[in-house]
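Q: Please take a close look at the open sheets of this chain, and at what packs against them. I would like one connected account rather than a list.

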Amino acid sequence: MSSWGNDVKISVFGESHGNGIGVVIDGLPAGEKLNLDEIYLQMSRRAPGKDKAATPRAERDIPEILSGLLNDTTTGAPLCAVIRNTNVRSGDYGNVLNCPRPGHADYTGYVRYNGFNDIRGGGHFSGRLTAPLVFAGAVCRQILEKKGIKIAAHISSIGDIEDERFNGADISCELMDRLSKTTFGLIDQSREEKMRALIEECRLSQDSIGGTIECAVTGMPVGAGSPMFNGIENVISSIIFGIPAVKGIEFGSGFDGAKLRGSQNNDEFYYDNGVVKTRTNNHGGILGGISSGMPIIFRTAIKPTPSISVKQRTVDLNSKSDSELEIHGRHDPCIVVRAVPVIESAAAVAIINILSEVHKL
Ligand SMILES: Cc1cc2nc3c(=O)[nH]c(=O)nc-3n(C[C@H](O)[C@H](O)[C@H](O)COP(=O)(O)O)c2cc1C
């Protein structure tokens, strides 16, 4: 399904090489004044052609708002935004029609939709469908920001080159603000050159590279979320896995925590001016599916871009024989860079739903 959420529900529509893509956001509170420049800024962080490590497909990604906004203020009616597809070169996909790209959704989509799916540019499976998600997230994060909740992510690794991690017990507003506005977000900016060099090396060898993204949510009130099947981890994971190329997620100390002892992994409580806090944040701000008031921290694994131009083996679905494929077209040598604002946006949509459930926004 391409719809997600309960109290604030998003429906993403469109295909990469169709007329346009977009989103309907239903259930937003009325009377929220939105800063449209802030929305465009978030969309331009994700847009192709903005960073030299991204695909040269230069889409402007300017959303046209069809409903739900009057004088830049939410009316309470469904908010619908459309982004026209302008920079389409479907000819690049001619050879993919019968020969599915290894690592992409061409084969599974073909079987699932009996060959009727629009395969051009990945169709509805394309990374381009994350543009409307960023629009929805940009709206939600503005509403959250007014409640003191900030969301920011950074590139935590490209290949085996790592950035520093968030200090989950103490994340400054300055760091959150800097990361949530940049296109190559790093905590330690001195790692940028090495990461870019690795991406460029992969691009020149007609290959691609994966990585991880770490996201933090600060200012989260204590006591939001639910146990068992509707916990904060469940809700965040559910929307994060809606982002193409996401293959894993971990919260707090995550898989590293599985190597520790309880005495090392537990986060001891203390009072800070009457507020209960933890001295460390291995729990990633979530205990029993419910927020502890500490920053929520999670990391996602992003696989290497499947479309690479080096020759690969595949099958020809028409002749039912083995075949070979050389992929043309414009593809990111590394998805991670442009996926950072997408992760933040998905987190914003998740958090607004989590808060609506308990506190009613
Ligand atoms: C921002 C973003 C950009 C992407 N760009 C590309 C791309 O240029 N080429 C490509 O093959 N896949 C790209 N992808 C990934 C594919 O859409 C994805 O791998 C594919 O739909 C299969 O889904 P899965 O990897 O989640 O299984 C991108 C994903 C994101 C989030």
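A: What follows describes the two sheets in turn, with the whole chain as background. This is a predicted model, in which local features need pLDDT of at least 70 and side-chain atom pairs count only at pLDDT 80 or more, while totals for chains, interfaces and linings use all residues. Residues are numbered from 1 along each chain as its sequence is written.

The chain holds nine helices and 18 strands, where helices (H or I, at least four residues) and strands (E, at least two) are DSSP runs numbered from the N terminus. Its radius of gyration, taken over C-alpha atoms, is 21 Å, close to the 21 Å given for 361 residues by the globule rule (2.2 Å times the number of residues to the power 0.38), so the chain is as compact as a globular protein of that length.

One open sheet has five strands in the order 1-2-3-7-4, with antiparallel pairing; two strands are said to pair if DSSP finds at least two bridges between them. Strand 1 (3–4) and strand 4 (64–67) stand at its edges with a single partner strand each, so one side of each has no neighbour in the sheet. Within this sheet, strand 3 (residues 20–26) and strand 7 (residues 79–84) run antiparallel and are joined by six bridges, and Ile25 stands opposite Leu79 of strand 7. Helix 3 (residues 130–145) lies across strand 2 (9–14), strand 3 and strand 7, running at about 30° to strand 3. Here contact means that the C-beta atoms of two residues, placed from the backbone, lie within 7 Å, and the angle, on a scale from 0 to 180 degrees, is taken between the N-to-C directions of axes that are lines fitted to C-alpha atoms, for helices over the stretch in contact.

The other open sheet also has five strands, in the order 9-8-10-16-11, and its pairing is antiparallel. Its edge strands are strand 9 (161–162) and strand 11 (246–251), each of which pairs on one side only. Strand 10 (residues 211–218) runs antiparallel to strand 16 (residues 296–302), and seven bridges join them; Ile213, for example, has Thr300 of strand 16 as its bridge partner. Helix 6 (residues 232–240) lies across strand 11 and strand 16, at about 160° to strand 11.

As for the chain as a whole, 73% of the contacts between residues at least 6 apart in sequence join residues at least 24 apart.
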